[in-house]
Amino acid sequence: MHFHLIFPVHGFGRIFAYPQLIFAGLLLLSRTSLAQPVSSPQTFSGRITETPSGAAVPFASIAVKGKSIGTQADENGQFKLTLNQRADSLLVSAMGYQTTTMAIAGFQSFQAVEIVLKPVATQLTEVVIRAGENPAYPILREVNAHRAQNDFRKTDGYEYQAYSQLAIHISQMAESFRQRKPVQSMLRAVEPKQGGKPSQHVPLFFSETVSSLYARRQPERQKEQILKTRISSAGLTDDRFIAQFTGAGFNTLDFYQNTVSLFKKDFISPLAERGRVAYTYFLADTAQVGLHTCYEIDFDPKNERDLVFKGKMWIDTLSFALVQIDAQVGAAANVNFMKQIDVHQTHETASESSTVWFPETTRLTIQVAEVVRNTFGATVDYLSTVRQPRVGQPRPVGFFDQEVQVVEDARNASAEYWQAQRQTLPDSRASEETHALLDTVRNLPVFKFIRWAGQFVLNSGYLPLTKGIDIGPVFSLWAYNRIEGNRLRLGLQTNNAFSRNWQLSAYGAYGTRDQVWKMGGEVNFIPTRQPLTLIILKSSYDLEQLGFRTEDLAGNPLLRTTSRFGRYRNAFYQNETSLSVQRDLGVDFIQTAGVRYRHIDPLFPAFRHPLQDTQQTAFQSSIWGKEAFLELRYAPGRVPTRRVTKRRIQRRATETAPLLTLRYTYGTAAFEGGSFGGYHKWHFQLDHTLRWGLLGRTQYSVQAGFTPSTLPHPLLQVHVGNQSPFYNRNAFNLMNYAEFVSDRYASVSLEHKFEGLLTNRVPLIRRLGWRTFVNTSVLWGGLSPANRTLIATHDASGQALAPVYSLQRDPYAEVGYGVENIFKLVRVEAIHRLTYRQNPNVTPFAIKVSFQLGL
């Protein structure tokens, strides 16, 4: 059964145990700037006039120097500005006048001021408008022509410091949910800390981070040093996730790109080179934004169901740089569980003499809808401000030895330190109140239960037994198949409370029909974290199925559990022990080396061989094998999870580079009365995702392998089939188990998701949020004559065995198409088998189901 949960943002995986927040809680990560707090507000009021006439200057802009805080005068030049933080000076600007700086001398709660501006002839950059053309189009062309000099990511190198906040609250509580006794007890506990007012928001998570980010372009490298981080949560808080949701470099929304990645969704940027396909533009006016005279352009989606924004942007009239953008994604967009997304971003040059612009401030607010009806939604607030940017001085390549580095004392910082970091934030006091509320919420019985339930789900069904030890998983306690009958299983594993560097696990299983005990254990040890080194020792004795082994399903725990049910074709018992060492080789490379011993005892004749000095053929089952392997993985820009037992490579939403894997194996194999000697295996794999904007995205995988040795077919490449009613993305879904075997092969698997391109335009379907997709899998392969003659066609009694085939001149091919996101969960696919349809017991067409919970 194919069941995979897709959690948004940065692979940020599993921080929360709350279903309603699982898609928003792990999305973003780090940075912001500072000043001095004030004990009371300061108000400026006055009138802006021009010299020499003394006439009022209408609609002038008044801003705090270096900040995106300000106001606008009315038609009579009158203005009023109240500040909640200290400021050195005010900048006053208006189109056609010189910008004036007014110094603020000392603190006064109220100051009446008179500001005089001098006229100046403003020479705007020439913009050529073609006959009958939308006036916004030539400005957008100029933005595209100047993006290389304006976008900080296009420079040779850059670096900056940052402070960030991420806050998540329960909100939008349904009245029936609010009246539940556990919820009432929670609200009563929170209300005293909110001034006795009825609570509308209950905090769940709050983090703040101070970090430094460094990047260079050629070769492309990025590094972040997380200097300080502070996390308060009503749910799960685990150090191993820090690097996954505090990365300042990941979450900078770059509207200069053709697509803006949010929650692993690619939204079309209003500044995209072909943005006219998705947007309607309107040149509203020119306006003053801080020191910059700007074109104000409105943009509206042509189809609000597409992954697009709605809003306004301000483009500098001299440099054609993006100065400010206010963008919104509404509830109509084909994104699950999101009611609204608001983005506010301001840009400023790196320095007075620089032409490169940085996203000075980014504010992202997400309204998460109810996942379960009549419960609650959530609000996610993220604020980030870049400070001290520098460009044009890239660090040496050797500096980028790690992509994310958390300093040793990152968790050690006083409350005064964090208060100083929040000095420029208008709601800095609310941060401390949130921390206090989280301490209250975390100790409530209802949230203790939620944490327990969340840990149960995130730990794949394990339950806490005692401190540091879990028991389970519950999902694997019982299964039934033709060989074992009733299979009973129980396991234990340690967690981080036991050790952060050691993790131990073991299980035992028993079949009531075969009456055989199975067991296994695993030891994981991290001797060093810089670079990360992982040593894994595993040993097991268990029942397996040829062409559908447990190791082929390691990435899908639910499918792995359901695979223990059924007929168990081509079953064999396997005794396996392996030792491997995995180590990071710089930022992009991971090397794994290891050895393993296997004893395979099939319940069918594994191969046949001629007896010496006779014309007879002997049938053999048991095989002993020893292997040593070396694997090199090139994963540019991937963030490896920091879990001890599951060192997966996760894609970030913005990544476009492929992932390459090369594996070499040398082994020896023997059987009772003979040996196959040494053998070699080579395996190559490429995984890549291509993004096409409105047209969707394409994910493909290319694999190839070669075994230039004579071996029984259980030791060759037995291609993974799937005879279950559930879709398996890692298998050939209309191929029977162990139907084809190869000693040389190449395959291509491709899936294109249209992301609502078609269904968003069908009137009766677009409201359902369905999304279409197509895929195909093609396999070329072959088997040497020597390996083909080893395959047993009959057992010792002469009874015919299920045939094992090798691919001939034609490849194996299947194509599929279907609809996903049905009820935001179900995927239904129709699959056609195109070749080798004459083989016995073949299914030429099937409809298969899988479950995919995501945005």
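**Group meeting: a walk around strand E10**

Hi everyone, let me start with a single pair of residues: Glu159 stands opposite Tyr214, and that Tyr214 sits in strand E10. Before I go on, please keep in mind that what you see here is a predicted model.

So, what does E10 look like? Strand E10 covers residues 202-216, and it is mostly covered, with 15 of its 15 residues buried. On one side there is strand E9, residues 157-171, joined to E10 by 14 bridges, and the two run antiparallel. Then we have strand E11, residues 221-233, which is joined to E10 by 12 bridges, again antiparallel. E10 and E11 form a hairpin, with four residues between them. If you want a spot to click on in that pairing, try Leu213, whose bridge partner in E11 is Glu224.

Stay with Glu224 for a moment, please. Glu224 also has a bridge partner in E21, namely Val404. Three bridges join E11 to E21, and here the strands run parallel. As a reminder, strands of a sheet pair through backbone hydrogen bonds, either parallel or antiparallel.

Now let's zoom out. How many strands form the open sheet? There are 11, in the order E14-E15-E16-E17-E18-E19-E20-E9-E10-E11-E21, and the pairing is mixed. At the edges we find strand E14, residues 279-289, and strand E21, residues 404-406, each of which pairs on one side only. From one strand to the next, the twist averages 15 degrees.

What lies across this sheet? Take helix H1, residues 136-150: it lies across E14, strand E15 (292-301), strand E16 (310-316) and strand E19 (357-368). Relative to E14, helix H1 runs at about 70 degrees.

My last stop is on the surface. Which residues make the nonpolar surface patch of about 610 Å²? They are Val474, Leu477, Trp478, Tyr480, Leu488, Leu490 and Phe565. Two elements give two or more residues to this patch: strand E24, residues 478-481, and strand E25, residues 485-494.

Let me pick out Trp478, which lies in strand E24. Is Trp478 buried, exposed or partly exposed? Its relative accessible area is 45%, so Trp478 counts as partly exposed, because that class sits between the 20% and 50% cut-offs.

That's my tour, thanks for listening, and I'm happy to pull up any of these residues on the screen!

Terms used: Residues are numbered from 1 along each chain as its sequence is written. This is a predicted model: local features need pLDDT of at least 70, side-chain atom pairs count only at pLDDT 80 or more; totals for chains, interfaces and linings use all residues. Side-chain values use heavy atoms; hydrogens and water are left out. Buried means under 20% relative accessible area, exposed over 50%, partly exposed in between (1.4 Å probe, protein chains only). Two strands pair if DSSP finds at least two bridges between them. Axes are lines fitted to C-alpha atoms, for helices over the stretch in contact, and angles run from 0 to 180 degrees between N-to-C directions. Contact means heavy atoms within 4.5 Å. Patches are made of residues with over 30% relative accessible area and no salt bridge: like charges are joined within 9 Å, nonpolar side chains (Val, Leu, Ile, Met, Phe, Trp, Tyr) within 5 Å. Accessible areas come from the Shrake-Rupley method with a 1.4 Å probe; for residues, only the protein chains shown count as cover. A salt bridge is a side-chain nitrogen of Lys or Arg within 4 Å of a carboxyl oxygen of Asp or Glu.
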